[in-house]
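Welcome! Let us walk through a protein chain together, one sheet and one loop at a time. Have a look at the model below before reading on.

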Amino acid sequence: MPQSPATDAARLLDDARRVLFVHAHPDDETLATGALIAELVDRGVEVHVLTATRGERGELVPGVADVEPGSAAFVALREQELRRALAALGVDHHAFLGTAPARDPGATTARRYRDSGMRWVTPDVAGPAEDSGPESLTAATVSEAASDLDAYVAATAPDLLISYEKNGGYGHPDHVRTHDLTVEVAGHTGIPMLEVIPPDRMVDGDLDAIAWLDLSSRLGRVQEALRAHASQVQVDGDHVVHVGGQREPIVVRAGVRLRATEAP
């Protein structure tokens, strides 16, 4: 009897031995997939996290640090927070897109993809900030950024890729671009890709294909990792409060869906 698409997605997680999570900014790995990362680490899976940007355009929780958002000191702080969060989740393998080993071996210099920022083009469609600049992730073509992801895939040989669904969770252009370049690499490498499905947002596609995992036992680990991102969020029990005051439950119910491996 054929398995359902949701069963196929769950089976890929069960069978995985080396998984690569592809995220847009520091803190996304914990906010969107922290519980899933902790679960896989505890299963003995070798987990890699690739972060596309340093989150240069993030805001700053008042009183956390005396740094200016966007400055070199702010970027260094976010890098430090990311290292602490990954350690809390048990992740030993991390790279930034554009920096070796996540850099096209044919390139002569490293490429630092910058946070594109976000503005609402319409009430339902987001785009990069008007001053995002030529170094932003969204200014690069999908194929250029995908060539750097290709390099990391070649260096680490994952058997499963995990990133956002096509709307990037909530429409941030860097999330959407990260989805697109992951789909591109999955398409020409044949490595299966799972899309992370936000538990509280409308998504397109086959809802019956989503495998839902109860990872509430990982809440403590995710809370610890979120506390590491103190410049961006605050932890209040089983909720997280963002720098802009938005409050939402910590994600411990993970939804994943198998993405067909063709280029966008």
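## A first pair of strands

Let us start with one matched pair of residues: Val 22 stands opposite Leu 50 in E2. The strands involved, E1 and E2, run parallel and are joined by 6 bridges. Two strands are said to pair if DSSP finds at least two bridges between them. Helices (H or I, at least four residues) and strands (E, at least two) are DSSP runs, numbered from the N terminus. In general, strands of a sheet pair through backbone hydrogen bonds, either parallel or antiparallel.

E2 is largely enclosed by the rest of the structure, because 5 of its 6 residues are buried. Here buried means under 20% relative accessible area, exposed means over 50%, and partly exposed lies in between (1.4 Å probe, protein chains only).

## About the model

This is a predicted model, in which local features need pLDDT of at least 70, side-chain atom pairs count only at pLDDT 80 or more, and totals for chains, interfaces and linings use all residues. Residues are numbered from 1 along each chain as its sequence is written, and side-chain values use heavy atoms, with hydrogens and water left out.

## The chain as a whole

The chain has 6 helices and 12 strands. Its C-alpha atoms fill a box of roughly 60 × 45 × 40 Å, taken along the principal axes. The radius of gyration is 17 Å, which agrees with the value near 18 Å for a compact globule of 264 residues. That radius is taken over C-alpha atoms, and the globule rule is 2.2 Å times the number of residues to the power 0.38.

How much of the chain is made up of buried residues? They account for 52% of the 264 residues. Among contacts with a separation of 6 or more, 74% come from residues 24 or more positions apart. A contact means heavy atoms within 4.5 Å.

## The sheet of seven strands

E1 and E2 belong to an open sheet of 7 strands with mixed pairing, in the order E3-E2-E1-E6-E7-E12-E8. Strand E3 (93-96) and strand E8 (211-214) stand at the edges with a single partner strand each, so one side of each has no neighbour in the sheet. From one strand to the next, the twist averages 25°.

At the E8 edge, E8 pairs with strand E12 (residues 253-259) in the antiparallel sense over 4 bridges. There, Ala 211 has Val 256 in E12 as its bridge partner. Helix H2 (residues 28-42) packs on the sheet, touching strands that include E1 (18-23) and E2 (46-51), and its direction makes about 175° with that of E1. Helix H1 (residues 5-15) lies across strand E6 (160-164), strand E7 (193-197), E8 and E12, at about 105° to E12. For these angles, axes are lines fitted to C-alpha atoms, for helices over the stretch in contact, and the values run from 0 to 180 degrees between N-to-C directions.

## The sheet of three strands

Another open sheet has 3 strands in the order E9-E10-E11, with antiparallel pairing. Strand E9 (233-236) and strand E11 (247-249) are at the edges, each with a single partner strand, so one side of each lacks a neighbour in the sheet. Neighbouring strands are turned by 30° against each other on average, direction ignored.

E9 and E10 form a hairpin with 2 residues between them, and Gly 237 in the turn has a positive phi of about 65°. These two strands are joined by 4 bridges, and Asp 236 has His 239 in E10 as its bridge partner. His 239 also stands opposite Pro 249 in E11; E10 (residues 239-242) and E11 pair over 3 bridges.

## Loops with a twist

Which residue follows Ala 100 across a cis peptide bond? It is Pro 101, with omega near 10°, in the loop between E3 and strand E4 (119-120).

Asp 27 has a positive phi near 95° although it is not glycine. Asp 27 lies in the loop between E1 and H2 and is buried, with a relative accessible area of 8%. Ala 157 also has a positive phi, near 55°. Its loop runs between helix H4 (142-156) and E6, and Ala 157 is partly exposed at 46% relative accessible area.
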